[in-house]
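Trainee: I should like to take a close look at a single part of this protein. Please begin with the empty space inside the fold and then place that part in its surroundings.

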Amino acid sequence: MSNYTPRKRKNDNRHGRRSTKHLTGVHSGRGAFDDEQIKAIYRVLRGKGGALDLLAGWDAEAKRMTSGAGGRPAKVSFAVFLVVLIALVENGEAPLLSNVAEAIRFRLSEESAQLLGIPDDVYELKDDPRGSALWELPKSKRKTARFAVSPSRIYDRVQSADDRLTDLFEPYPGIATRAPRPVGEVVADLKEIEDDPAKRAYRDKMLERLRQLTNAIVHASLYRENRESRRAFRRYMKEYWRGSLAIDGTKVPVYTAGKRGGVSPKNAKTHPDWIHHCEPMAGWHVRDGNHGGFEDDGVTPLKKELLGHSIWAYELHLSVTCESFTPKSSEAPKGPVPRIALGMAWDAPAKNIGENSLASLVAANEVRKDLKVKPGTVVADGAILPNSLFVKLQKPSRAMGFKLAMRYGKHQTGQVTSKNVTTKRNSSKSAGQRGTVADQTSTGDPMRGFKMVDGDILCPGTPDHLINAESLFNDNKIDKATREEMLDERADYRAVRHETWNAESKGRFGCPALNPGGKLTCPIFEREPRDKPRTEVENPPSKDAAGEACTAHQKSLQLTLDDHFGHFASDVYWRSGEHDFMMRQRNVVEGFNATLKEKDHENLNDGARRRVRGYAKQALLAAIMVFSANVRAISVFIEAYDLLWRDEPTSPGPDTPQGPDADVTALADEDLPPPDQLAA
């Protein structure tokens with residue numbers, strides 16, 4: 001694998017269109033960037049472990065593996081390209097390469113140009129009697145300057161920087177092209193990657209790099225403010241954020257003329273000559289269900305009328321901070337939690353939902369650990385929880401210490417059985433039978449006689465009509481008030497939690513008749529009457545059918561989740577106050593997505609603002625937009641809640657910033673060292 005070098009596809013223009021790059025780099029009349037903005041962006045990118053640090057290492061590795069390691073230095077460094085690109089997005093402007101070229105020449109001050117190490121020839125004038133460099137002209141005269149280096153050459157340098165940068169983490173080199181091509185060619189190229197172990201290993205390596213870089217950019221947004229502000233924000237997060245996160249995916253439309261999309265896999269087989277979209281790694285994003293043409297379960301096809309609401313796009317998974325449920329009796333400090341994204345993942349719509357949700361959560365968990373905040377509760381929509389595979393999301397999430405709260409679909413309510421289940425409920429099946437992801441079979445009885453119903457662990461003697469309360473309501477057999485009464489009655493049958501599901505997906509639960517904290521009286525256990533009234537179990541299981549829950553005579557039993565039951569196990573009681581609260585927190589990530597799509601700012605929903613081609617290039621721009629949205633959210637929050645005027649918390653603990661800010665905290669913002677030509 002180490003000797004494999006990806007082949008680059010020639011970006012030919014098959015339609016014979018004339019290039020317009022000679023029109024780029026012309027003064028637009030837009031104002032100059034603020035020096036403090038450029039300085040702050042540069043600072044967070046070049047910190048230890050930050051984006052430029054990663055790129056420098058990868059670039060050095062690439063040069064060692066090629067014969068061209070001794071070439072001339074690049075005219076536009078990675079630092080220049082990224083800083084200007086981010087500044088454009090922060091200002092609400094389109095991150096087009098032409099805008100980057102124009103900004104480098106006309107919108108940077110001499111101080112910022114020197115800080116970033118931009119070559120002097122960018123600003124040299126040609127046969128201009130008013131001076132030899134742009135800086136010698138009054139600002140009002142710079143629009144008419146004649147330069148020694150043409151606008152098209154500046155654009156070429158910017159495009160080269162973009163290509164060199166993304167080549168370091170592009171998983172699918174040569175797949176995306178400027179012009180669309182037959183779908184058969186695309187399928188053949190992708191099959192070549194899958195069939196070749198070296199190319200497949202290279203793809204996986206680049207995907208991991210892409211994850212690292214995009215999340216390094218997202219994390220850098222937490223350090224974008226000046227030192228006083230970012231430390232005040234950090235103190236606030238440590239005191240009031242309880243580690244809870246909401247996860248969701250949102251569409252990122254790809255620019256295309258005439259709303260053309262790609263060829264479906266079915267048509268690709270029968271019509272390989274049909275023209276495919278030139279961004280082939282994207283896919284059709286359907287508004288409803290799991291966004292891939294199916295219900296949340298990933299198996300049941302959507303109705304045909306719902307498939308019309310689709311667009312060719314990528315999908316961006318985000319883990320966004322949210323509030324945690326705090327009982328009224330708790331003395332923990334309470335305060336609003338800002339909506340900021342702490343982790344992201346990038347893929348085609350509805351592809352690898354569990355893996356991408358986990359990737360965004362792992363990235364967010366790095367920030368949580370840095371803040372020394374305990375893990376909270378993870379919430380998501382039905383396509384993510386419970387329908388991801390247990391080993392791909394639920395199990396590793398619990399291994400990190402997070403609790404899970406989920407809402408089940410209509411065909412998922414009721415008892416989880418250890419038998420094979422089907423993917424769709426119908427009238428022939430008993431009410432409440434699960435019908436999703438799980439056609440696995442549980443071996444033995446992981447519940448040891450207890451029943452798992454709507455994520456809760458219940459007594460084996462729970463009446464069937466209480467087990468099926470949700471299903472009866474969904475089938476319009478009872479009204480909402482009756483359902484609530486039945487769920488209140490069912491709460492008495494909950495097993496006593498001695499320990500909820502831990503990092504090893506194990507939990508300890510006790511019989512609600514045997515434990516003092518329970519609310520049942522059962523004929524199996526002949527106990528003296530209690531002072532508090534208890535519900536009588538009328539139909540306890542027979543001796544032959546009774547499991548360990550009824551025969552072990554222990555106050556608690558350890559249960560271990562398997563791949564089947566692990567899908568549905570919840571750490572929050574179904575329809576409890578905590579459950580309702582956390583389900584409302586799912587809207588937090590929807591709100592953040594709406595912020596990303598505001599037209600006056602990032603405008604993520606407009607594919608025309610991202611006209612580059614390539615999986616890595618599109619992901620990079622999405623990460624920068626998340627960075628910008630975070631910066632705005634943090635800035636607004638600091639001002640709205642007067643964080644700079646709050647007293648420091650009394651809780652002990654170091655407050656030294658980590659991550660991208662760590663190696664520059666000892667420096668005054670105005671005393672940054674000269675550029676070290678990282679990834680030049």
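Trainee: Which element gives the most to the lining of the largest cavity, and with how many residues?

Mentor: It is α9 that gives the most to this lining, with five residues. Before we look closer, please note that this is a predicted model, in which local features need pLDDT of at least 70 and side-chain atom pairs count only at pLDDT 80 or more, while totals for chains, interfaces and linings use all residues. Residues are numbered from 1 along each chain as its sequence is written, and side-chain values use heavy atoms, with hydrogens and water left out.

The name α9 follows a simple rule: helices (H or I, at least four residues) and strands (E, at least two) are DSSP runs, numbered from the N terminus. A cavity, on a 1 Å grid over the protein atoms alone, is a set of points where a 1.4 Å probe fits but cannot get out; a pocket is an open set with protein on both sides within 12 Å along at least five of seven lines, and lining residues have an atom within 4 Å of a point. Points are joined across faces, edges and corners, and a volume is the space filled by probe spheres set on them.

The structure holds five cavities of 30 Å³ or more, and the largest cavity contains about 150 Å³ of space. Its lining consists of 13 residues, and those closest to its centre are L222, Y223, F233, R234 and L371. Besides α9, which spans residues 227-240, helix α11 (353-371) also supplies at least two residues of this lining. By class, nine lining residues are nonpolar, none is polar and four are charged. Here Ala, Val, Leu, Ile, Met, Phe, Trp, Tyr, Cys and Pro count as nonpolar, Asp, Glu, Lys and Arg as charged, and the others, Gly among them, as polar.

The second largest pocket, being open, makes a useful companion to the cavity. Its volume is about 910 Å³. Thirty residues line this pocket, and V263, S264, P265, A282 and W312 lie nearest its centre. Three elements each give at least two residues to the lining, namely α7 (183-195), α10 (265-270) and β2 (283-286). The largest share comes from α7, with seven residues. The pocket lining divides into 19 nonpolar, five polar and six charged residues.

Next, consider how helices pack against one another. The axes of α2 (residues 51-65) and α8 (residues 197-220) come within 9 Å and cross at roughly 155°. Axes are lines fitted to C-alpha atoms, for helices over the stretch in contact, and angles run from 0 to 180 degrees between N-to-C directions. Angles under 35 degrees count as roughly parallel, over 145 as roughly antiparallel, 65 to 115 as roughly perpendicular and the rest as oblique. The helices α2 and α8 are therefore roughly antiparallel to each other. In their contact (heavy atoms within 4.5 Å), A51, L54, L55, W58 and E61 of α2 meet K205, R209, Q212, L213, A216 and I217 of α8. The residues of this contact divide into seven nonpolar, one polar and three charged.

Another pair is arranged in its own way. Helix α6 (residues 151-167) packs on helix α19 (residues 615-640) at an angle of about 100°, with their axes 9 Å apart, and the two are therefore roughly perpendicular to each other. On the α6 side, D162, D163, L165 and T166 meet A616, K617 and L620 of α19. Three nonpolar, one polar and three charged residues make up this contact.

The strands complete the picture. Two strands pair if DSSP finds at least two bridges between them. One open sheet of three strands has the order β10-β11-β14, with antiparallel pairing. Its edge strands are β10 (496-499) and β14 (557-560), each of which pairs on one side only. From one strand to the next, the twist averages 40°. Three bridges join β10 to β11 (residues 506-510), and V496 stands opposite G510 in β11.

A further open sheet of three strands runs in the order β7-β8-β9, also with antiparallel pairing. Strands β7 (415-416) and β9 (456-458) stand at its edges with a single partner strand each, so one side of each is left without a neighbour in the sheet. Three bridges join β8 (residues 451-453) to β9, with M452 opposite I457.
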